[in-house]
Number of protein chains: 2
Amino acid sequence: MDKKELLLNAALKLFVNHGFHGTATSKIAQEAGVANGTLFQYFKTKDDLVIDLYIHIKEDLAEYVSKNTDHQADIKEAIKTQILSSLYWALDNPTHFQFIQQVHTSPYIGKIDQTILNKQVEPHLTLIQKGIKQKVLKQLPADLLYTLITHQVFGLYQFITSKNLSKKKQHETIQTTFDLLWDMLS
Amino acid sequence: MDKKELLLNAALKLFVNHGFHGTATSKIAQEAGVANGTLFQYFKTKDDLVIDLYIHIKEDLAEYVSKNTDHQADIKEAIKTQILSSLYWALDNPTHFQFIQQVHTSPYIGKIDQTILNKQVEPHLTLIQKGIKQKVLKQLPADLLYTLITHQVFGLYQFITSKNLSKKKQHETIQTTFDLLWDMLS
DNA sequence: ATTATGATTGACTAATCAGTCACAAAGGTA
DNA sequence: TACCTTTGTGACTGATTAGTCAATCATAAT
């Protein structure tokens with residue numbers, strides 16, 4: 001088993017449960033079943049580990065969403081799949097998703113290369129821009145719509161995970177909420 | 001000047017800039033211009049300080065919103081003032097607002113007394129319930145609508161603070177976004 | 001002037017931290 | 001076998017941590 005992967009998994013688990021500085025590097029190594037010094041062979045510093053982990057997770061999410069998006073389909077369908085697959089990924093990977101949110105509201109977000117962040121947003125943004133041009137979406141700045149959509153996903157995620165809904169009720173809520181969102185956007 | 005207040009202000013500033021565990025209690029005392037040990041006379045532990053600060057800030061926000069809400073006005077107007085005054089408070093107190101968000105995505109949120117959290121949500125929730133009953137809002141669970149509204153405010157806050165909009169453009173964006181939100185809710 | 005009180009101090013401690021380093025194990029090549 | 005490179009180890013270090021505590025201070029009551 002790849003030790004770098006073991007370390008990233010251990011770090012993710014501990015960061016979400018105890019926070020960044022609340023998690024000692026020695027504890028991460030221990031959780032990964034790896035020697036103390038090995039961590040610093042794969043990551044120059046603890047901060048590097050945090051940033052690496054964040055980018056790694058965001059790539060996973062982006063890949064999952066991209067895999068599910070049919071770029072031939074009509075705009076509404078394409079946007080819907082992007083949103084829903086993001087959400088289903090979040091529900092299937094709650095720890096990963098919580099970590100992303102943790103980084104977003106922490107000082108670490110400023111330390112991450114902006115070009116990498118932009119590249120990850122791009123596919124969503126171009127789709128929205130296409131939607132605006134085709135008058136499927138309201139005539140408003142694309143990045144405003146993008147931010148609102150993103151936070152709607154955060155909100156829906158929070159709602160679903162805070163309740164204990166059955167799979168069926170869950171699916172129902174997601175559908176209704178997407179319809180609400182579409183009322184807002186179109 | 002009240003030393004407890006000095007400590008809370010210093011802690012807020014440092015927590016937002018360096019994270020919770022990234023901020024040493026000694027640094028907080030130093031920033032507050034107070035001796036090391038004094039901090040532990042006002043707060044039993046560092047965790048206590050974090051939780052105290054969070055509740056303190058949330059009370060400030062709740063008071064501000066309540067002060068601005070006209071409970072005689074019609075539902076749409078009342079809800080609108082609640083949302084807009086939350087947002088304006090956030091824009092006027094960015095550090096406070098960032099701290100709230102930081103706590104929401106951290107393990108600390110689990111350590112805060114649920115009954116206090118519920119009491120703070122209550123005035124918003126009852127207003128929404130009234131709106132649903134009067135068929136001004138869509139016939140959906142009140143707490144779902146509440147979560148979506150909250151996250152819309154987060155999203156709009158993020159959008160506005162990430163751009164450098166003029167006061168006028170800012171106000172315009174807020175108005176448009178509220179109209180969007182209302183399209184979604186009603 | 002003396003005593004009492006509670007707030008404030010900062011030196012102190014035991015524990016913990018991120019990061020280093022000298023060495024050992026593993027694996028490939030010949 | 002012998003030799004070299006890569007990878008992994010864990011004891012170690014100097015710095016920093018949360019929290020303690022005996023001592024000091026300002027104020028006021030007697």
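This tour visits a DNA strand and then the interface between two protein chains. The model is predicted.

**Stop 1: DNA strand C**

Select DNA strand C and the protein within 4 Å. Around the strand you will find 15 residues. The closest are A:Thr25, A:Lys46, B:Thr38, B:Gln41 and B:Tyr42. By class, this surface has 8 polar, 5 nonpolar and 2 charged residues.

Now colour the strand's atoms by part. Of those within 4 Å of the protein, 70% belong to sugar or phosphate, and the rest to bases.

Next, show backbone atoms. At A:Thr25, a polar backbone atom sits 2.6 Å from a phosphate oxygen of DNA strand C. At A:Thr23, a backbone N or O atom lies 3.4 Å from a phosphate oxygen of the strand. Then move to B:Gly37. Here a polar backbone atom is 3.4 Å from a base nitrogen of DNA strand C.

**Stop 2: chain B against chain A**

Hide the DNA and select both sides of the protein interface. Chain B brings 32 residues into contact with 32 residues of chain A. About 2700 Å² is buried between the chains, with carbon and sulfur atoms giving 70% of that area. On the chain B side, pick B:Thr105, B:His151 and B:Leu180: they lose the most area to chain A, together 21% of what that side buries.

Zoom in on A:Lys138 and B:Asp183. Their side chains form a salt bridge, 2.9 Å from N to O. The rule finds 4 salt bridges across this interface, and 7 residue pairs in polar contact.

Finish with the helices of chain B. Those giving two or more residues to the side that touches chain A are α1 (3-18), α6 (94-104), α8 (142-162) and α9 (167-185). Select α8(B) last: its 12 residues are the largest share of that side.

Notes. Residues are numbered from 1 along each chain as its sequence is written. Chains are lettered from A and ligands numbered from 1 in the order in which they are written. This is a predicted model: local features need pLDDT of at least 70, side-chain atom pairs count only at pLDDT 80 or more; totals for chains, interfaces and linings use all residues. Side-chain values use heavy atoms; hydrogens and water are left out. A polar contact is a pair of N or O atoms within 3.5 Å; within protein, one must be able to donate a hydrogen and the other to accept it, and residues adjacent in sequence count only if both atoms are side-chain atoms. Ala, Val, Leu, Ile, Met, Phe, Trp, Tyr, Cys and Pro count as nonpolar, Asp, Glu, Lys and Arg as charged, and the others, Gly among them, as polar. Contact means heavy atoms within 4.5 Å. Buried area is the accessible area (1.4 Å probe) that two parts lose on being put together, summed over both. Helices (H or I, at least four residues) and strands (E, at least two) are DSSP runs, numbered from the N terminus.
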